[in-house]
Amino acid sequence: MIENMAHDIRKEVSLKINKSEIDFDMNVYSPLFSTLIHIIRNSLDHGIEEKELREVLGKKKKGLIEVSCKKENNQQVIIHISDDGKGIDPEGIRSRLLELGKFQENEIEALDDKEVLQKVF
């Protein structure tokens, strides 16, 4: 499914799922599935570059998305999703926040990159 999504947007990607000893109850897992797919799709759309650009940047043509999970404090399961793409562009977020009228230009300019990235969430 991930390879098909990548192909549709002219990208190549490998999905690596790091094996975990955590057992998921299907009642818990099912609602998470659509959220995981959404996050992976965001990695494809906004993180992983097109194969031609990756080559120019000295990266492998095929991007990598990794999924892993671990249990913390015997209570919480932490799911970590990462990709080897370009990351989030703070300037792009600044522009979009201005377009949406969420902030004035002087407010946006006063934010450092970390604060701008927090606005995404």
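The second largest pocket of this predicted model has a volume of about 350 Å³. Lining this pocket are 18 residues, and those closest to its centre are Ile17, Tyr29, Leu36, Val67 and Ile79. Strand S1 (13-17), H2 and strand S2 (63-72) each contribute at least two residues to the lining of the second largest pocket. H2 gives the most, with 5 residues.

**The two pockets**

The largest pocket holds about 510 Å³ of space. Its lining comprises 17 residues, of which Asn42, Ser43, His46, Gly47 and Ile88 are the closest to its centre. Two or more lining residues of the largest pocket come from each of helix H2 (26-47), strand S3 (76-83) and helix H4 (90-99). H2 again provides the largest share, here 6 residues. The composition of each lining by class is set out below.

| Pocket | Nonpolar | Polar | Charged |
|---|---|---|---|
| Largest pocket | 6 residues | 7 residues | 4 residues |
| Second largest pocket | 14 residues | 3 residues | 1 residue |

**Helix H2**

Does H2 have the end-to-end span expected of its length, or does it depart from it? At 1.5 Å a residue, the 22 residues of H2 should span 32 Å, and the end C-alpha atoms of H2 lie 29 Å apart, which agrees. H2 nevertheless contains a kink of about 35°, centred on Leu32.

The buried residues of H2 are Leu36, Ile37, Ile40, Ser43, Leu44 and Gly47. An α-helix has 3.6 residues a turn, so residues three or four places apart point the same way. Among the elements that cover the buried residues of H2 are H1, S1, S2 and S3. Two of the buried residues recur at the pockets: Leu36 is one of the residues closest to the centre of the second largest pocket, while Ser43 is one of those closest to the centre of the largest pocket.

**Val67 in strand S2**

Val67, one of the residues closest to the centre of the second largest pocket, is found in strand S2. Val67 counts as buried because its relative accessibility is 14%, under the 20% limit. Which residues does Val67 touch, not counting residues up to four places away in sequence? The contacts of Val67 are Leu15, Lys16, Ile17, Asn18, Ile40, Ile79, His80 and Ile81. One of these partners, Lys16, is 51 residues from Val67 in sequence, yet the two are 6.3 Å apart in space, C-alpha to C-alpha. Ile40, also among the contacts of Val67, is one of the buried residues of H2. Ile17 and Ile79, which Val67 touches as well, are likewise listed among the residues closest to the centre of the second largest pocket.

**Met5 and the N-terminal region**

Helix H1 (residues 2-8) includes Met5. Is Met5 buried or exposed? With a relative accessible area of 13%, Met5 is buried, since the limit for that class is under 20%. Beyond residues up to four places away in sequence, Met5 touches Arg41 and Leu44. Leu44 is itself a buried residue of H2, and H1 is one of the elements that cover the buried residues of that helix. Between Met5 and Asp84, 79 residues apart along the chain, the C-alpha separation is 17 Å.

Arg10 lies in the loop between H1 and S1. Phi of Arg10 is near 60°, a positive value in a residue other than glycine.

Key. Residues are numbered from 1 along each chain as its sequence is written. This is a predicted model: local features need pLDDT of at least 70, side-chain atom pairs count only at pLDDT 80 or more; totals for chains, interfaces and linings use all residues. Side-chain values use heavy atoms; hydrogens and water are left out. On a 1 Å grid over the protein atoms alone, a cavity is a set of points where a 1.4 Å probe fits but cannot get out, and a pocket is an open set with protein on both sides within 12 Å along at least five of seven lines; lining residues have an atom within 4 Å of a point. Grid points are joined across faces, edges and corners, and a volume is the space filled by probe spheres set on the points. Helices (H or I, at least four residues) and strands (E, at least two) are DSSP runs, numbered from the N terminus. Ala, Val, Leu, Ile, Met, Phe, Trp, Tyr, Cys and Pro count as nonpolar, Asp, Glu, Lys and Arg as charged, and the others, Gly among them, as polar. Buried means under 20% relative accessible area, exposed over 50%, partly exposed in between (1.4 Å probe, protein chains only). Contact means heavy atoms within 4.5 Å. The expected span of a helix is 1.5 Å times one less than its number of residues. The bend at a residue is the angle between axes fitted to the seven residues ending there and the seven starting there.
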